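How does one read a small protein model step by step? The paragraphs below follow the chain and its strands in turn.

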Amino acid sequence: MPIYEYKCKKCGHVFEVQQSFGDEPVKTCCKDGCDGRVQKVFSPPAIIFKGSGFYVNDHGRGNGNGRKNAAAAKADEAKETAKETAKETSKETSKAAAT
Ligand SMILES: [Zn+2]
């Protein structure tokens with residue numbers, strides 16, 4: 001069962017409560033005679049672990065696609081350049097013949 005940490009906004013008392021996921025969150029201070037509102041305190045290590053894992057997966061996937069697309073684009077570009085060069089050459093040839 002996970003343990004949640006709470007901090008009282010009124011007296012500053014920090015305490016831990018063991019709860020299951022379905023349990024209602026603690027709303028009031030457990031200290032006798034206080035009864036102030038409490039706020040859940042999250043532990044930072046869990047958030048950092050989740051973030052780094054997502055980054056690694058995304059980076060690997062993006063790299064593979066990028067390399068494939070770049071190669072395909074280069075091949076198309078070379079084809080277009082060859083076509084344009086052939087067109088220009090035949091135009092120049094026919095002009096020279098007419099003169
Ligand atoms: Zn309190």
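Two strands count as paired if DSSP finds at least two bridges between them. Strands themselves are DSSP runs of at least two residues, numbered from the N terminus. With these terms, a single bridge can be read: lysine 7 has valine 14 as its bridge partner in E2. The model in view is a predicted one.

Begin with the overall layout. The protein contains three strands and one helix. Along the sequence they come in the pattern β-β-β-α, with the helix placed after the strands.

Strand E1 covers residues 3–8, and five bridges connect this strand to E2 in an antiparallel arrangement. E1 and E2 make a hairpin, with five residues lying between the two strands. In that turn, glycine 12 has a positive phi of about 80°.

E1 also has a partner in E3. Four bridges join these two strands, and they too run antiparallel. Lysine 7 appears again here: its bridge partner in E3 is glutamine 39. Lysine 7 thus has a bridge partner in E2, valine 14, and another in E3, glutamine 39.

What is the order of the strands in the sheet? The three strands form an open sheet in the order E2-E1-E3, with antiparallel pairing. E2 and E3 are at the edges; each has a single partner strand, so one side of each is left without a neighbour in the sheet. On average, neighbouring strands of this sheet are turned by 35° against each other, direction ignored. In general, the strands of a sheet pair through backbone hydrogen bonds.

The loop between E2 and E3 is the next stop. E3 spans residues 38–41, and aspartate 35 lies in the loop that leads from E2 to this strand. Aspartate 35 has a positive phi of about 60°, although it is not a glycine. Is aspartate 35 buried or partly exposed? Aspartate 35 is partly exposed, because 13 other C-beta atoms lie within 10 Å, whereas a buried residue needs 20 or more.

The last topic is burial and contacts. Strand E2, residues 14–18, is hardly covered: among its five residues, the count of buried ones is zero. For the protein, which has 99 residues, buried residues make up 3%. Among contacts with a separation of 6 or more, 35% are between residues 24 or more positions apart.

Key. Residues are numbered from 1 along each chain as its sequence is written. This is a predicted model: local features need pLDDT of at least 70, side-chain atom pairs count only at pLDDT 80 or more; totals for chains, interfaces and linings use all residues. A residue is buried if 20 or more other C-beta atoms lie within 10 Å of its own, exposed if 12 or fewer, and partly exposed in between; C-beta atoms are placed from the backbone. Two residues are in contact if their C-beta atoms, placed from the backbone, lie within 7 Å. Axes are lines fitted to C-alpha atoms, for helices over the stretch in contact, and angles run from 0 to 180 degrees between N-to-C directions.
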